[in-house]
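Grab a coffee and open the viewer. Here are a few exercises, each with a solution worked step by step.

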Amino acid sequence: MKATNSVTLSRVANSNSSLNEIKKLWRDYADTLGFFPEGAFEHYAQKGQIIIAVDSSSTLLGYLLYRVTPSRNDASIVHLCVNKDARGQGIASLLVKELLATTKPLKGIGLKCRRDFEANKIWPKFGFKAMSESVGKSKAGSTLTRWWYDHNHPDLFSIAQNTLSDETKRVVIDANIFYDLKNKCNDESLALTADWLDDSISIYLTDEIFNEINRASSETERNSSRAFATNFDLIRCEHEAFESTYCLLKQHIPAKPSEQDISDFTHLAKAISAKVDFYVTRDEKVLNKSNAIYELFGIPIIRPSDLVIEIDSLYRESEYQPARLAGTLCKVSRVQSKAESRIVDIFQNEIEGERQTNLKACLRNILSNPRDIDCFEALDHNNNSIGLVSYNKQISGILKVELLRTNKKHVLSKTLIRHLIGKIIKEAEDCSCYLINISDPYLDSDTKAALQEDNFHKTDDGWLKLSIFDHYDPRTLSKKLSHIGNQHENLNNYCQTICTIIESAATYQDLISFKNVEALISPGLIKASSIPCYIVPIRPFWAQHLFDEYLASNDLFGARLDLALNREAVYYRSPRNSAGISLPARILWYVSHNKKFPGSGALRAYSRVDEVVVDYPKQLFRQFRRLGIYEWKDVLYTAKSIDKQLMAIKFSNTSLLKCRCDWKSIQKALSDAGINSQLQSPCRIPEELFFSLIK
């Protein structure tokens, strides 16, 4: 809480009475702020992303509501609203300055504002720059200015490419929402047209909408609906794909379907066939089938309000679905020379100008050096080749990847490429390679995007990534990076930039910057970073499926195939006695004792915490179901009740301990550190103890 000349700034808690005042203020200015689902205020309050300004009598003067998108490492202003009686007193400036201070570890802050709004003139005064323009989603087609405040971190995180990208998720709306938008009659649906969502979603229709329109009895209504439909782009799909999809959907259509039922599922089948990112509806018949349809096709079916509220956490839904890939990927096997023609037919990248002779020559060179170069293909259950990767270890300390391809016809190619990149990073760690070089000159756009997401750095030699497989204090790490930069000219500036960030993070104990640097050098960790560390207990059953292949080998049935696919995972537990786990954090996993699992009753692995969410079971399951492992019944069992909140801990970068610490050794280490815990619940430990336990 901060006070300035009788104005106090603070964060709104979910139970804070100020929420009602904020909602009232929003309603007073909804014409400019846009539609916003009621539940969204509680959601952002729970995340601590509403800042308010009050006077000495606790009267609400204004509020700022913002969102943080972890995948882009930036923030966006959703609402900045000041009561008209408090304007001219610098309230907006105070709120924005507080946001600037709060988000300093992020790359920056973005927003979109209509050019015809008076508020569009204030952003330059706060240091924002007008970066671009676009047409908004409103019926009037107003012009939006994209504003950006840069926190001026060294240019390491591809700010221009990631933050200001026009890439949006494709959202298909059904007929009910189409008419909601046309008639402006449902606030939940109208929330989809809010200007602040403009850089996150693009709204589409299927051509089935014209059959819906044609059923209207009034000619005037039909003509006005057709005219309104021209405000949207139509999503396209092949007729054969639609027919096969509709055939699979028939099991979910009512036994005696009405004409409307058939039309509703036709909309859905066309959206699925076009491989869109989300299908948005208020139709309970369709929503009730959403989990089953997701398991079949991987498309999230979601209410408008849920999409708006959870847009940031759902952003990777279409990019990474290991739960579905687990049911597709069967095995990985070495490529044989006799498979050359088949491999070329599947993986030639004609779009990037690759000729068959180029790929054949590359393959022959790889396959003629089996001692130094490994080449593998990923196969599905029908023995179809869906992925291709090679490892060249001829140069000590460097893992060179000359081929990295996926079958673009495969529906899960985006997930598969992320899986293959994860395997490459793990291979580098296992081989003690400090540098990964992806030298394939014919990478497709999805692969380039995935490499960028995994902190690969584009150079003249291809895509490079550091792979530091030990743990260093900031000064020693900087020396090591400088040494690597001196050895590799293309990496020198890059390494020096990381060193600059490390120096700044160490000076100001900037935990977020330390976390970001660890992502760049993964699997390495930074000592003396003050990132909170915890021991978290987990039952052997869940450990074997989430990360511990050795426990799984002692189980009659072994771990699920998801084990080999998940680069990130989620663990559910009660929010009670959670020791205050939040971001950033590291976890040491204590696998509780069970005589059926030899090796349990010990510390087995450590991970990086990516997200901590407390919510109701249904919301959490929808948010994280793409990661697999937990089924709905498991989540509900953990929560005990559908009405009780649950904590989800999403984690990644898991490493198994080479020397596992048993119960007796753990208790001695805790006692020496002055900690008394039986590890029935999470326990925070000093960073020095964390590093001593993972040696």
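## Exercise 1: A strand with two faces

On strand 24, C533, I535 and P537 face one way, Y534, V536 and I538 face the other way, and all of them are buried (under 20% relative accessible area; exposed is over 50%, partly exposed in between, with a 1.4 Å probe and protein chains only). Before going on, note that this is a predicted model, where local features need pLDDT of at least 70 and side-chain atom pairs count only at pLDDT 80 or more, while totals for chains, interfaces and linings use all residues. Residues are numbered from 1 along each chain as its sequence is written, and side-chain values use heavy atoms, with hydrogens and water left out.

**Task.** Work out how many residues of strand 24 are buried, and which strands it has bridges to.

**Solution.**
- Step 1: start from the pattern to expect: in a regular strand, side chains alternate between the two faces of the sheet.
- Step 2: count the burial. Strand 24 covers residues 533–538, and 6 of the 6 are buried, so the rest of the structure largely encloses it. (Strands are DSSP runs of E, at least two residues; helices are runs of H or I, at least four; both are numbered from the N terminus.)
- Step 3: look for partners (two strands pair if DSSP finds at least two bridges between them). Strand 26 runs parallel to strand 24, with 6 bridges, and R586 of strand 26 sits opposite C533.
- Step 4: check strand 29 (residues 683–685). Here the run is antiparallel, with 3 bridges, and C533 stands opposite I685.

## Exercise 2: A hairpin and its neighbour

**Task.** Find which strands pair with strand 21, and in what sense.

**Solution.**
- Step 1: locate strand 21 at residues 462–466; 5 of its 5 residues are buried.
- Step 2: take strand 20 (residues 457–459), which pairs with strand 21 in the antiparallel sense over 3 bridges. K458 has W463 as its bridge partner, and 2 residues lie between the two strands of this hairpin.
- Step 3: take strand 19 (residues 435–438), also antiparallel to strand 21, over 4 bridges. L435 stands opposite L466.

## Exercise 3: Salt bridges, local and long-range

**Task.** Sort three salt bridges by where their partners lie in the chain: D28 with K24, D180 with R282, and R405 with D440.

**Solution.**
- Step 1: recall that side chains of opposite charge can pair when their charged atoms come close. The cut-off here is a side-chain nitrogen of Lys or Arg within 4 Å of a carboxyl oxygen of Asp or Glu, and the structure holds 34 such bridges.
- Step 2: D28 and K24 meet at 3.6 Å, N to O. Both are in helix 1 (residues 18–28), 4 residues apart, about one turn of the helix.
- Step 3: D180 and R282 meet at 2.9 Å, N to O. This pair links distant parts of the chain, 102 residues apart: D180 in helix 6 and R282 in the loop between strand 12 and helix 12. D180 is buried at 5% relative accessibility, whereas R282 is partly exposed at 25%.
- Step 4: R405 and D440 meet at 2.8 Å, N to O. R405 is in strand 18 and D440 in the loop between strand 19 and helix 19, so the pair ties together parts 35 residues apart in sequence. R405 is buried, at 5%, and D440 is buried at 5% too.

## Exercise 4: Odd backbone spots

**Task.** Where are the cis peptide bonds that involve P523 and P584, and where do Q509 and N577 with positive phi sit?

**Solution.**
- Step 1: know the baseline: most residues other than glycine have a negative phi, and most peptide bonds are trans.
- Step 2: S522 and P523 are joined by a cis bond with omega about 15 degrees; P523 is in the loop between helix 22 and strand 23.
- Step 3: L583 and P584 are joined by a cis bond with omega about -15 degrees; P584 is in the loop between strand 25 and strand 26.
- Step 4: Q509 has phi near 50 degrees and lies in the loop between helix 21 and helix 22. Q509 is partly exposed, at 35% relative accessibility.
- Step 5: N577 also has phi near 50 degrees, in the loop between strand 25 and strand 26. N577 is exposed, at 55%.
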